[in-house]
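User: I'm new to reading protein models. Could you take me through the reasoning behind some of the terms?

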Amino acid sequence: MGRRAVVALGTACVLALAVAACGEDSAGGADEIKLGVLAPLSGPSSSAFAAYPDGVEARLAAYKEDGGKCADKTFTLVEGDDQSTPQGAVTAAQKLVQRDRVYAVLEGSPAFYGAAPFMTTTGKKIPVFGAGFDGAKQWKDTTNNLLPASIVPEYEKTFTTHGEYFKSQGGTKIAGVSYDNPAGRGGMEYSLRSAVAAGLQRGYVNTTVPVGSTDVGAIVLGIIESRSDVVTLTLNPDTSFAVVAGLRQAGYQPKAILTATGYGADLLESAPAVQAGQGVSFSTGWAPVELKTPGALRLSKALKDHAGSESGIPSFAQSLGWLTADLLLHGLDLAGCDATQEKLLSTVRNDKTWTAGGLFALPRDFTTTSADKLCLYFLKLTGKAFVPDQKASPLCGSVVRS
């Protein structure tokens with residue numbers, strides 16, 4: 001796609017005094033702020049993440065409509081397709097930094113760990129507002145240019161959140177299945193440890209699933225033979241629902257199946273997915289639209305108005321796009337619309353007030369990547385709707401002390 005101008009308000013640098021502020025590393029007096037958008041727009045991960053730019057665009061458009069402090073700027077998006085691979089992420093990052101010379105990067109990619117070393121060295125002056133779930137160790141460093149818009153998974157810690165949820169569903173033994181990548185493996189182990197801490201036994205575990213695979217016969221058999229009665233899946237919807245369908249075809253019904261992705265309108269628009277997903281649980285780190293909080297309703301309206309969404313329910317990727325763009329805008333509001341990259345980065349790094357318009361249960365503290373609580377929202381697909389679990393909306397768990 002190349003470029004998309006999504007907010008078309010602003011004035012050019014027409015005075016010499018204003019021109020002096022229009023440096024390469026500054027939003028300056030210029031009317032354009034060029035943003036790189038890095039996501040899997042092709043390849044096996046694209047089915048779940050290609051809508052990431054839509055969430056970014058919706059947030060920027062809503063900011064203009066709401067009269068944000070920097071609404072007189074033109075935000076231009078330059079896309080970088082990581083092609084669903086770590087090497088593709090490096091190539092996309094190099095393009096955005098070295099050829100497109102973007103002011104900041106917004107990323108929503110499970111393969112970003114491939115680009116993280118480049119972005120924190122060669123690209124270290126460019127603020128990166130990212131999803132932070134890909135498993136790159138650089139997200140844990142508070143001295144670099146990576147700013148996570150969602151909670152960075154602390155895979156070395158165990159929180160009670162997942163375990164409490166599985167126990168509330170009557171679980172006694174848990175199976176776990178993940179893709180063969182850092183985010184998938186780490187997220188699944190994270191969930192399994194929490195379940196064990198809550199008193200559940202560990203059943204079948206598989207961490208070697210290729211991204212996008214629907215060849216799940218052996219997985220289904222392993223879950224059944226282990227007699228696991230709850231299942232945690234860190235997989236994209238295509239693979240998750242293949243597992244769910246296989247279990248049902250075999251006449252095996254766990255008490256709960258939790259998948260980390262899949263909540264969103266794209267699922268509801270697919271009749272086969274709706275049928276396969278009945279009774280499946282979904283988790284999200286931010287308030288879902290179904291709770292009708294002010295922040296969730298603003299997100300929903302923006303998706304209807306600017307992303308062609310009929311229902312206004314965001315996909316996982318659209319939510320990430322909204323959150324990363326919101327964090328950028330929050331930073332500009334605080335640092336100033338003409339802030340240099342250095343000023344923007346330092347301002348956000350020292351902030352402790354951002355809640356994404358109330359989408360998060362607790363404000364984010366960017367001076368640390370460690371947390372004492374993990375708050376998640378849980379929903380279950382019932383009929384043609386996602387129904388929030390009223391006892392887990394949100395469910396905030398504490399660190400399990402050894």
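Analyst: Sure, here are a helix pair and a pocket.

Analyst: This is a predicted model, where local features need pLDDT of at least 70, side-chain atom pairs count only at pLDDT 80 or more, and totals for chains, interfaces and linings use all residues. Residues are numbered from 1 along each chain, and side-chain values use heavy atoms, leaving out hydrogens and water.

User: Why are α8 and α9 called oblique to each other?

Analyst: Helix α8 (residues 217-226) and helix α9 (residues 237-249) pack at about 55°, with axes 9 Å apart. Under 35 degrees counts as roughly parallel, over 145 as roughly antiparallel, 65 to 115 as roughly perpendicular and the rest as oblique. The angle is about 55°, so α8 and α9 are oblique.

User: What makes the contact between them?

Analyst: Contact means heavy atoms within 4.5 Å. Ile219, Val220, Ile223 and Ile224 of α8 meet Val243, Gly246 and Leu247 of α9.

User: How do you know how many residues in the contact of α8 with α9 are nonpolar, polar or charged?

Analyst: Ala, Val, Leu, Ile, Met, Phe, Trp, Tyr, Cys and Pro count as nonpolar, Asp, Glu, Lys and Arg as charged, and the others, Gly among them, as polar. That gives 6 nonpolar, 1 polar and no charged residues.

User: And which residues are closest to the centre of the largest pocket?

Analyst: They are Phe133, Tyr155, Ala183, Ala260 and Phe316, out of 42 lining residues. Lining residues have an atom within 4 Å of a pocket point. The lining divides into 25 nonpolar, 16 polar and 1 charged, and its largest share, 5 residues, comes from α7.

Key:
Axes fitted to C-alpha atoms, helices over the stretch in contact; angles between N-to-C directions. Helix = DSSP H or I, 4+ residues; strand = E, 2+ residues; numbered from the N terminus. 1 Å grid on protein atoms, 1.4 Å probe; cavity = no way out; pocket = protein on both sides within 12 Å on 5 of 7 lines; lining within 4 Å.
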